[in-house]
Amino acid sequence: QVGLVESGGGLVQAGGSLRLSCAASKSISSINVMGWYRQAPGKQRELVAAIASGGSTNYVDSVKGRFTISRDNAKNTVYLQMNSLKPEDTAVYYCNAHIMLVSNDNYDYWGQGTQVTVSS
């Protein structure tokens, strides 16, 4: 089991910045992939950014060049730095921990979500 707690959401004007944090209840160094997802009203949840245990990152095209995901293993925390925010970035942002076992079993853990609202 991995507990995840997000923080850092809020209301910001277009063009502004926010930094989301995701604090894990256990060491994240062994978690295969940590990711940030978002879900806007009436839309499906989508992967925004992910970072593997080795440090490689992946972003959805709409945030490339604006968002940066990072992880601090010493603090068991993952961050999402969001710059040049747009109204279409408005959503509830969720932290995810994806664990892959040698048995090929996969486990996903989710935080409770944090609201990000970007005003125009």
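**Exercise 1. The largest pocket**

Find how much space lies in the largest pocket of this predicted model, and describe its lining by class.

*Solution.* Start with the volume. About 160 Å³ of space lies in the largest pocket. Next, list the lining. Arg38, Ala40, Lys43, Gln44, Glu46 and Ser62 belong to it, and so do Arg66, Lys86, Glu88, Asp89, Thr90 and Ala91. Then sort these residues by class. Seven are charged, three are polar and two are nonpolar.

**Exercise 2. The largest nonpolar core**

State how many residues the largest nonpolar core has, and which strand gives the most to it.

*Solution.* Take the count first. The core has 31 residues. Leu4, Met34, Trp36, Leu80, Met82 and Tyr93 have the most contacts inside it. Now turn to the strands. At least two residues of this core come from each of E3 (18-24), E4 (33-39), E5 (46-52), E7 (67-72), E8 (77-82), E9 (91-100) and E11 (114-119). E9 gives the most, with five residues.

Look closer at one core member. Setting aside neighbours within four places in sequence, methionine 82 touches Gly16, Ser17, Leu18, Leu20, Arg66, Phe67, Tyr93 and Val116.

**Exercise 3. The partners of strand E9**

Work out which strands pair with E9, and by how many bridges.

*Solution.* Begin with cover. Eight of the 10 residues of E9 are buried, so the strand is mostly covered. Then take the partners in turn.

- E4: seven bridges join E4 to E9, and the two run antiparallel. Arginine 38 has tyrosine 93 in E9 as its bridge partner.
- E11: three bridges link E9 with E11, again in an antiparallel arrangement. Here valine 92 stands opposite glutamine 115.
- E10 (residues 106-110): five bridges join E9 to E10, which run antiparallel. Alanine 97 stands opposite tyrosine 109 in E10.

Finish with the turn. E9 and E10 form a hairpin, with five residues between them. In that turn, asparagine 104 has a positive phi of about 75°.

**Exercise 4. Two residues, buried or exposed?**

Decide whether serine 21 and leucine 85 are buried or exposed, and name their contacts.

*Solution.* Place serine 21 first: its position is in strand E3. The relative accessibility of serine 21 is 16%. Buried means under 20%. Therefore serine 21 counts as buried. Beyond four places in sequence, serine 21 is in contact with Val5, Glu6, Ser7, Trp36, Thr77, Val78 and Tyr79.

Now move to leucine 85, in the loop between E8 and E9. Leucine 85 has a relative accessible area of 2%, so this residue is buried too. Its contacts beyond four places in sequence are Val12, Ala14, Gly15, Gly16, Ser17, Leu18, Arg66, Phe67 and Val118.

Add a distance. Lysine 26 and leucine 85 are 59 residues apart along the chain. Their C-alpha atoms are separated by 31 Å.

**Exercise 5. The faces of strand E1**

Assign the residues of E1 (4-7) to a covered and an uncovered face, then find the strand that pairs with E1.

*Solution.* Split the strand by face. Leu4 and Glu6 make the covered face. Val5 and Ser7 make the uncovered one. Then look for the pairing. E1 and E3 pair in the antiparallel sense, over four bridges. One pair shows the match: glutamate 6 has cysteine 22 in E3 as its bridge partner.

Terms used
Residues numbered from 1 in each chain as written. Predicted model: local features only at pLDDT ≥ 70, side-chain atom pairs only at ≥ 80, totals over all residues. Heavy atoms only, no water. 1 Å grid on protein atoms, 1.4 Å probe; cavity = no way out; pocket = protein on both sides within 12 Å on 5 of 7 lines; lining within 4 Å. Points joined across faces, edges and corners; volume = space filled by probe spheres on them. Nonpolar A, V, L, I, M, F, W, Y, C, P; charged D, E, K, R; others polar. Core = buried A, V, L, I, M, F, W, Y, C linked by side-chain atoms within 4.5 Å. Buried < 20%, exposed > 50% of the residue type's maximum accessible area, 1.4 Å probe, protein only. Contact = heavy atoms within 4.5 Å. Pairing = 2+ DSSP bridges.
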